[in-house]
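Reader: I am new to this one and would love a friendly tour. Could you show me the sequence and the model, and then take my questions one at a time?

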Amino acid sequence: MVAAKKIKKSNESINARLALVMKSGKYCLGYKQTLKTLRNGKSKLVIIANNTPPLRKSEIEYYAMLAKTGVHHYTGNNNELGTACGKYFRVCTLSITDPGDSDIIRTMPGAQPEATA
């Protein structure tokens with residue numbers, strides 16, 4: 001009971017941060033665009049839905065590892081990830097290039113910290 005409540009609360013905080021990124025930041029939705037941002041080194045954080053095919057998931061994780069970018073495995077499926085992004089379609093992968101006003105980069109485990117210079 002307590003674990004389920006904690007998971008739901010963390011899900012809601014992720015969804016709130018995602019909504020803020022959608023409003024004020026820059027992002028790319030979809031597998032092909034996510035790979036492009038990873039290859040160009042522009043991606044700060046990659047979010048993958050839990051029902052992404054294993055081969056696709058491992059390929060994105062490999063590209064992210066090479067680009068030294070954080071990967072977050074979203075607990076919901078691609079329908080729920082699309083809804084969290086405020087879209088009316090399914091989103092399997094999403095790449096955040098500029099978080100905007102959101103603190104999603106700092107709060108996600110394994111996310112790339114922003115360089116302060």
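Reader: Which residue lies over the face of Tyr31?

Author: This is a predicted model, where local features need pLDDT of at least 70, side-chain atom pairs count only at pLDDT 80 or more, and totals for chains, interfaces and linings use all residues. Residues are numbered from 1 along each chain as its sequence is written, and side-chain values use heavy atoms, with hydrogens and water left out. A charge sits over a ring if NZ of Lys or CZ of Arg is within 6 Å of the ring centre and within 35 degrees of the ring normal. At 4.2 Å from the ring centre of Tyr31, the residue is Arg56.

Reader: Thanks! In what order do the elements of the chain run?

Author: Helices (H or I, at least four residues) and strands (E, at least two) are DSSP runs, numbered from the N terminus. The chain has five helices and four strands. Read from the N terminus on, the order is α-β-α-β-α-β-α-β-α.

Reader: Which residue in strand 3 is the bridge partner of Val46?

Author: Two strands pair if DSSP finds at least two bridges between them. Strand 2 and strand 3 run parallel and are joined by four bridges. For Val46, the partner in strand 3 is Val71.

Reader: And which residues of strand 3 point to one face and are buried?

Author: Buried means under 20% relative accessible area, exposed over 50%, and partly exposed in between (1.4 Å probe, protein chains only). In a regular strand the side chains alternate between the two faces of the sheet. Along strand 3, Val71 and His73 point to the other face and are not buried, while the buried ones are Gly70 and His72.

Reader: Which element gives the largest share of the largest nonpolar core?

Author: A nonpolar core is a set of buried Ala, Val, Leu, Ile, Met, Phe, Trp, Tyr and Cys residues joined through side-chain atoms within 4.5 Å. The largest one has 18 residues, and Leu18, Ile47, Leu81, Leu94, Ile96 and Ile104 touch the most other members. Two or more residues each come from helix 1 (2-24), strand 2 (45-48), helix 4 (78-84), strand 4 (93-98) and helix 5 (104-107). The largest share, four residues, comes from helix 1.

Reader: Is Asn78 buried or exposed?

Author: Asn78 lies in helix 4. Setting aside neighbours within four places in sequence, Asn78 is in contact (heavy atoms within 4.5 Å) with Ala49, Asn51, Arg90, Val91 and Cys92. Its relative accessibility is 15%, so Asn78 counts as buried.

Reader: What about Lys68: is that residue buried or exposed?

Author: Lys68 is found in the loop between helix 3 (54-66) and strand 3 (70-73). Although not a glycine, Lys68 has a positive phi of about 55 degrees. Because its relative accessible area is 67%, Lys68 is exposed.

Reader: Last one: how many residues apart are Arg17 and Asp103?

Author: A salt bridge is a side-chain nitrogen of Lys or Arg within 4 Å of a carboxyl oxygen of Asp or Glu, and the count here comes to one. The side chains of Arg17 and Asp103 meet in it at 3.0 Å, N to O. Arg17 is partly exposed at 22%, and Asp103 is partly exposed at 28%. The pair links helix 1 with the loop between strand 4 and helix 5, and the separation is 86 residues.
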